[in-house]
Amino acid sequence: MSDWINVAYLVTAVTFMLALKLMNGPKTARHGNLLAAAGMGLALIATLFLKDGDHSILHNAVGELKSTNLLLLGVASVLGTIAGAWSARRVQMTAMPQMVALFNGLGGGAVALVAVAEYPKLFTHTEAEAMPLGIRLATTVLSLLIGGISFTGSMIAYGKLQELLSGRPITWTGQKLINLGYLIGALVLIFVLQTNGRMDPPFYGLLALALVLGVTLVLPIGGADMPVVISLLNSFTGCAAGLAGFVLGNTALLIGGGLVGASGLILTLDMCKAMNRPLSNVIFGAFGSNAAIQASGSSAQGTVRSTSPEDAAIIFGSANSVIIVPGYGMAVAQAQHVVKELASKLQAQGVDVKYAVHPVAGRMPGHMNVLLAEADVPYEQLFDLDEINSAFPETDVALVIGANDVVNPAARSDKSSPIYGMPILDVDKARTIIVCKRGMAPGFAGIENELFLRPNCLMLFGNAKTSIAKLAAVLE
Amino acid sequence: MTLIAVITIFVLAVFVGLEVIAKVPQTLHTPLMSATNAIHGVILVGGVIVLLRADDTVGLAIGFLAVLFGVLNVVGGFVVTDRMLEMFKRKPRSDK
């Protein structure tokens with residue numbers, strides 16, 4: 001019987017791997033996701049057939065059905081399904097990053113809870129004897145620590161993205177030292193737990209430390225770096241789930257967790273590479289705090305030229321080629337549909353329109369792609385950094401919508417700038433730049449943008465959706 | 001399962017994860033992150049085991065929460081990913 005369960009878990013693992021493989025292309029990606037969901041369902045059904053010693057997990061030692069446990073399982077499943085599906089259906093596309101953060105945190109919380117429940121059983125269960133107690137103890141304790149960090153860390157990330165908390169880095173004196181202290185404390189507790197038998201106080205102490213660490217590690221990270229944080233915490237939850245697989249001797253958990261842990265890490269490092277900043281700088285750099293602004297120092301001098309939708313429309317009217325550069329501002333203003341409308345009108349007049357998507361534009365990798373896809377912008381019109389940068393010098397108008405740091409030329413020229421070295425979109429090389437922005441406030445990195453002072457740059461102040469809609473209307 | 005078997009499975013899974021992901025285009029990174037987010041919801045399996053094995057009130061409460069969190073992670077994760085991917089699949093249509 002237990003052979004069949006393991007076969008089912010193997011099939012689940014294969015669906016997970018195939019799903020990630022199908023994610024390689026936009027046409028097959030959806031099938032991949034559904035396949036993984038089906039695999040998950042299979043694993044859950046198989047789990048109900050597990051045995052506890054010599055009897056089914058659904059029955060107790062004297063053969064009675066565990067009705068209370070089953071009732072609670074049913075209630076939790078129904079509640080979770082309704083709430084999960086409802087919130088996932090209702091959420092705006094622009095709020096997707098925080099939704100992912102929230103679900104990720106819940107996953108981390110589930111891992112920590114499983115560790116809490118398994119801990120006392122480590123010392124009584126005889127079933128998994130093939131695994132030495134030391135290993136099961138170490139993996140339980142580690143999954144508790146990582147799951148706990150992921151839980152509260154994701155909740156803070158959610159709070160920052162939902163703007164319940166300030167998006168600015170929140171720092172305090174001695175922060176790094178205190179965090180280091182927490183970390184050392186956690187290591188000491190792990191050592192204590194590892195070298196002794198069952199000890200509840202240090203175990204729950206470690207849980208408390210993990211929860212505190214999640215908060216204190218994420219609070220000092222700025223809103224713009226949240227995509228990296230979510231991706232990293234996603235990887236954390238994956239690792240923690242994999243470790244829980246060690247404890248439970250469960251292959252579905254082992255493989256699922258291992259896959260996510262590894263892929264999440266790759267994705268995280270990819271994002272850091274796109275910003276040309278090491279991961280340590282993202283996590284500990286408090287990027288975009290006041291200190292970073294002062295460090296950049298060089299406040300560029302010049303005048304800002306503002307324009308109106310009517311004047312901008314005239315410029316578009318005489319353009320032959322336009323590149324649209326979307327940023328977080330477009331997401332906030334929900335302007336993707338009017339942007340697409342503007343692009344369609346321009347295309348109808350024979351203008352060549354392309355979209356330039358920076359790898360870290362928005363609050364998640366590929367955030368802009370999702371929004372533009374929502375607005376039915378054909379996939380073929382989207383270009384990434386390497387493909388589009390050579391096109392800017394031959395472009396009449398670069399329309400920047402709510403993007404800032406990713407088009408800041410200081411990244412190329414100003415060595416003292418915190419973003420120096422980050423690959424940017426070279427919009428400043430276009431003949432005219434129109435920047436649609438709410439005001440002169442700096443971007444999330446907290447740095448002035450000298451682009452806005454260039455003579456060929458015009459500022460179209462106001463809400464992106466209203467401004468672009470007006471522009472499109474005048475363009476008739 | 002023996003320790004070495006378990007470690008083998010885990011290490012191989014990590015390598016598959018590294019290989020499979022390296023080829024995913026940037027456009028799909030958000031849905032990818034969201035899909036892997038749903039996949040680690042497989043911890044729900046652990047939650048179900050814990051809840052079914054619970055034999056006291058505290059154990060039941062912990063198991064209940066673990067399952068609830070796990071289900072939210074799984075269902076929410078897959079539904080959100082599906083919504084994102086649905087948009088990529090749609091054919092570009094002419095303006096209304």
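Colleague: Why are helix 8 of chain A and helix 3 of chain B called oblique to each other?

Modeller: This is a predicted model, and in it the two helices pack at an angle of about 40 degrees. Angles under 35 degrees count as roughly parallel, and 65 to 115 as roughly perpendicular. The angle of helix 8 of chain A with helix 3 of chain B fits neither range, and the pair is therefore oblique. Their axes lie 9 Å apart, and the crossing is left-handed.

Colleague: Which residues meet where helix 8 of chain A packs on helix 3 of chain B?

Modeller: From helix 8 of chain A come A241(A), A244(A) and L248(A). They meet I43(B), G46(B) and I49(B) in helix 3 of chain B.

Colleague: What makes one residue of that contact polar?

Modeller: The contact of these two helices divides into five nonpolar, one polar and no charged. Gly counts as polar here, and Ala, Leu and Ile count as nonpolar. G46(B) is therefore the polar one among the residues that meet.

Colleague: Why are helix 2 of chain A and helix 2 of chain B described as roughly parallel?

Modeller: Helix 2 of chain A covers residues 29–47, helix 2 of chain B covers residues 29–39, and they pack at an angle of about 10 degrees. Angles under 35 degrees count as roughly parallel, so this pair earns the description. The axes of these two helices are 10 Å apart.

Colleague: And what do the two helices bring to that contact, by residue?

Modeller: Helix 2 of chain A brings A29(A), N33(A) and A36(A). Helix 2 of chain B answers with P31(B), A35(B), A38(B) and I39(B). The tally for this contact is six nonpolar, one polar and no charged.

Colleague: Stepping back to the whole interface, how many residues does the contact take from chain A and from chain B?

Modeller: It takes 99 residues from chain A and 79 residues from chain B. On the chain B side, helix 1 (3–21), helix 2, helix 3 (43–53) and helix 4 (57–89) each supply at least two residues. Helix 4 of chain B gives the most, with 30 residues. The side of chain B that touches chain A divides into 50 nonpolar, 20 polar and nine charged.

Colleague: Which domains make up the division of chain A?

Modeller: Domain 1 spans 95–287 and domain 2 spans 309–474. The centres of these domains are 37 Å apart, taken over C-alpha atoms. Their contact takes 15 residues from domain 1 of chain A and 13 residues from domain 2 of chain A. Helix 9 of chain A gives the largest share of the domain 1 side, four residues. That side divides into 11 nonpolar, four polar and no charged.

Colleague: How do you know where confidence is lowest in chain A?

Modeller: Chain A has a mean pLDDT of 86, and 93% of its residues reach 70 or more. Helix 11 of chain A (residues 290–296) has the lowest confidence, at a mean of 43, whereas helix 2 of chain A has the highest, at 94. Over residues 290–299 of chain A the pLDDT is below 50.

Colleague: Where does pLDDT stay under 50 in chain B?

Modeller: That happens over residues 92–96 of chain B. Chain B averages a pLDDT of 86, with 92% of the residues scoring at least 70. For the complex, the predictor gives an ipTM of 0.91 and a pTM of 0.81.

Conventions. Residues are numbered from 1 along each chain as its sequence is written. Chains are lettered from A and ligands numbered from 1 in the order in which they are written. This is a predicted model: local features need pLDDT of at least 70, side-chain atom pairs count only at pLDDT 80 or more; totals for chains, interfaces and linings use all residues. Axes are lines fitted to C-alpha atoms, for helices over the stretch in contact, and angles run from 0 to 180 degrees between N-to-C directions. Angles under 35 degrees count as roughly parallel, over 145 as roughly antiparallel, 65 to 115 as roughly perpendicular and the rest as oblique. Two residues are in contact if their C-beta atoms, placed from the backbone, lie within 7 Å. Domain bounds come from an automatic or database domain assignment. pLDDT is the predictor's confidence in each residue, from 0 to 100. A crossing is left-handed if the near helix is turned anticlockwise from the far one by less than a right angle, and right-handed if clockwise.
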